[in-house]
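Student: I've got a protein model to look through and I'd like to practise reading it. Can we go through it together, one question at a time?

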Amino acid sequence: MLFALVYLVVRRLFSLAGSSRSEDLSKDVEILVLRHQLKVLRRRAGRPRLCRLDKVVLAAASRVLPRSAWSSFLLSPQTLLRWHRELVRRKWTYRRKHSVGRPPLDPAACEVILRLARENQRWGCVRIQGELAKLGIRVSATTIRTLLRRHGLGPAPRRSGPTWSQFLRAQAHGIRACDFFTVETVFLKTLYVFFFIELGTRRVHLAGVTAHPDSAWVTQQARNLSWDVVDSEACFRFLIRDRDSKYTASFDEVFRSDGTQVIRTPIRAPRANAFAERWVRTVRSECLD
């Protein structure tokens, strides 16, 4: 009885709409019918599978309709962003044939390294590496440095002193760091963004964006920044950079001519350039993602 009453009310409304001469009202009723049929098909067929052409048509139509009308789409803006993230992930996916990383160090060699460091306070990583080579133990200086830091032994000749973080905080107003980060466009074209950041003020200088960075382009961006610094009369004593091959001797010479000492970070040590890495994360989370 209740459904019959609802049916009579709805039928009366449709009859009033049909008797009207307004074409817009008829179109609205037709759209209402089509939407209801679409909901019925969704309940029956489940989630549809879209091909690439369907995705292109829906994405293009979303640029024409206002945001308030996007509820009629099968997709949401988050779905479009997810499609793009999946394409980028597939672009950078490759098969690793060999396991990465260095082989573990022999515990006996670790004991020898720690003993040499404790008994010889003025020996650095290179000196310890040379003494181990005389004993037939081949270990890199980076591995020795990592092992010493893990056991609380700092660099020679001072085993206890200011850490890298304390040095950065104390000299922040005289330090500038530089780094690259990548941006994927809609058509999966990789763009490289080169920037400088002042540790004291957190001021960021966007050096440039290019799809094909090379040493000549990076050196030119360094010259442009050097000219801006001369105009602003700012003085920086240190520049922190990684060991990328794009940073050549000509790049370092630009800053040495201004009285700036270039400090290279250790191999595979992003924490040594933590301020630049943290700013990249901020840009990705607030602007690019």
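Tutor: Sure, and let's start with a term: a residue is buried if its relative accessible area is under 20%, exposed if over 50%, and partly exposed in between. Keep in mind that this is a predicted model.

Student: Okay, then is Leu239 buried or exposed, going by its relative accessible area?
Tutor: Leu239 belongs to strand β4, residues 238-241. Its relative accessible area is 1%. The cut-off for buried is under 20%, so Leu239 counts as buried.

Student: Which residues does Leu239 contact, once its neighbours within four places in sequence are left aside?
Tutor: One partner to look at is Ala177, which is 62 residues away along the chain, yet the two C-alpha atoms are separated by 5.4 Å. Two aromatic residues, Phe251 and Phe255, are also among the contacts. The full list is Arg176, Ala177, Cys178, Phe196, Phe251, Phe255, Thr260, Gln261, Val262 and Ile263.

Student: Let's zoom out: how many helices and strands does the protein chain have?
Tutor: The chain has 289 residues, and 28% of them count as buried. Its secondary structure comes to eleven helices and five strands.

Student: What share of the contacts between residues at least 6 apart in sequence joins residues at least 24 apart?
Tutor: Leu239 and Ala177 give you a feel for it, being 62 residues apart along the chain. For the protein chain as a whole, the share of those contacts that joins residues at least 24 apart is 52%.

Student: How are α5 and α7 arranged, roughly parallel or roughly perpendicular?
Tutor: Two packed helices are described by the angle between their axes and the distance between the axes. Here the axes of α5 (residues 107-119) and α7 (residues 141-150) come within 10 Å and cross at roughly 75°. Angles from 65 to 115 degrees count as roughly perpendicular, so α5 and α7 are roughly perpendicular.

Student: Which residues of α7 meet α5?
Tutor: From the α5 side, the residues involved are Cys110, Ile113, Leu114 and Ala117. On the α7 side they meet Ile144, Leu147 and Leu148.

Student: Now the rings: is the pair of Tyr247 and Phe251 stacked, tilted or edge-to-face?
Tutor: A search of the whole structure turns up twelve aromatic pairs. In this one, the ring centres are 5.0 Å apart and the planes make an angle of 40°. Stacked needs under 30 degrees and edge-to-face needs over 60, so the pair of Tyr247 and Phe251 is tilted.

Student: Is Phe251 buried or exposed?
Tutor: Its pair partner Tyr247 is at 6% relative accessibility and counts as buried. Phe251 has 0%, and the limit is under 20%, so Phe251 is buried.

Student: Which residues form the aromatic cluster?
Tutor: Tyr247 and Phe251 are both in it. One more member, Phe180, has the charged end of Lys246 over its ring, 5.0 Å from the centre. The complete cluster is Phe180, Phe194, Phe196, Trp217, Tyr247, Phe251 and Phe255.

Student: What is the phi of Leu188, roughly?
Tutor: Most residues other than glycine have a negative phi. Leu188, in the loop between β1 and β2, goes the other way, with a positive value although the residue is not glycine. Its phi is near 60°.

Student: Is Arg202 buried, partly exposed or exposed?
Tutor: Arg202 sits in the loop between β2 and β3, and its phi is also positive, about 60°. Its relative accessible area is 48%. Exposed needs over 50% and buried needs under 20%, so Arg202 is partly exposed.

Student: How far is Thr265 from Asp242, C-alpha to C-alpha?
Tutor: Thr265 lies in the loop between β5 and α11, and it is buried with a relative accessible area of 5%. Asp242 is among the residues it touches. The two are 23 residues apart in sequence, and their C-alpha distance is 5.0 Å.

Student: Last one: which residues does Val280 touch, not counting those up to four places away in sequence?
Tutor: Val280 lies in helix α11 and counts as buried at 8% relative accessibility. One partner is 85 residues away along the chain, with 9.7 Å between the C-alpha atoms. The residues touched are Phe181 and Phe195.

Note on methods:
Residues numbered from 1 in each chain as written. Predicted model: local features only at pLDDT ≥ 70, side-chain atom pairs only at ≥ 80, totals over all residues. Heavy atoms only, no water. Helix = DSSP H or I, 4+ residues; strand = E, 2+ residues; numbered from the N terminus. Buried < 20%, exposed > 50% of the residue type's maximum accessible area, 1.4 Å probe, protein only. Contact = heavy atoms within 4.5 Å. Phe/Tyr/Trp six-rings, centres within 6.5 Å; stacked < 30°, edge-to-face > 60°. Lys NZ or Arg CZ within 6 Å of the ring centre and 35° of its normal. Axes fitted to C-alpha atoms, helices over the stretch in contact; angles between N-to-C directions. Parallel < 35°, antiparallel > 145°, perpendicular 65-115°, else oblique.
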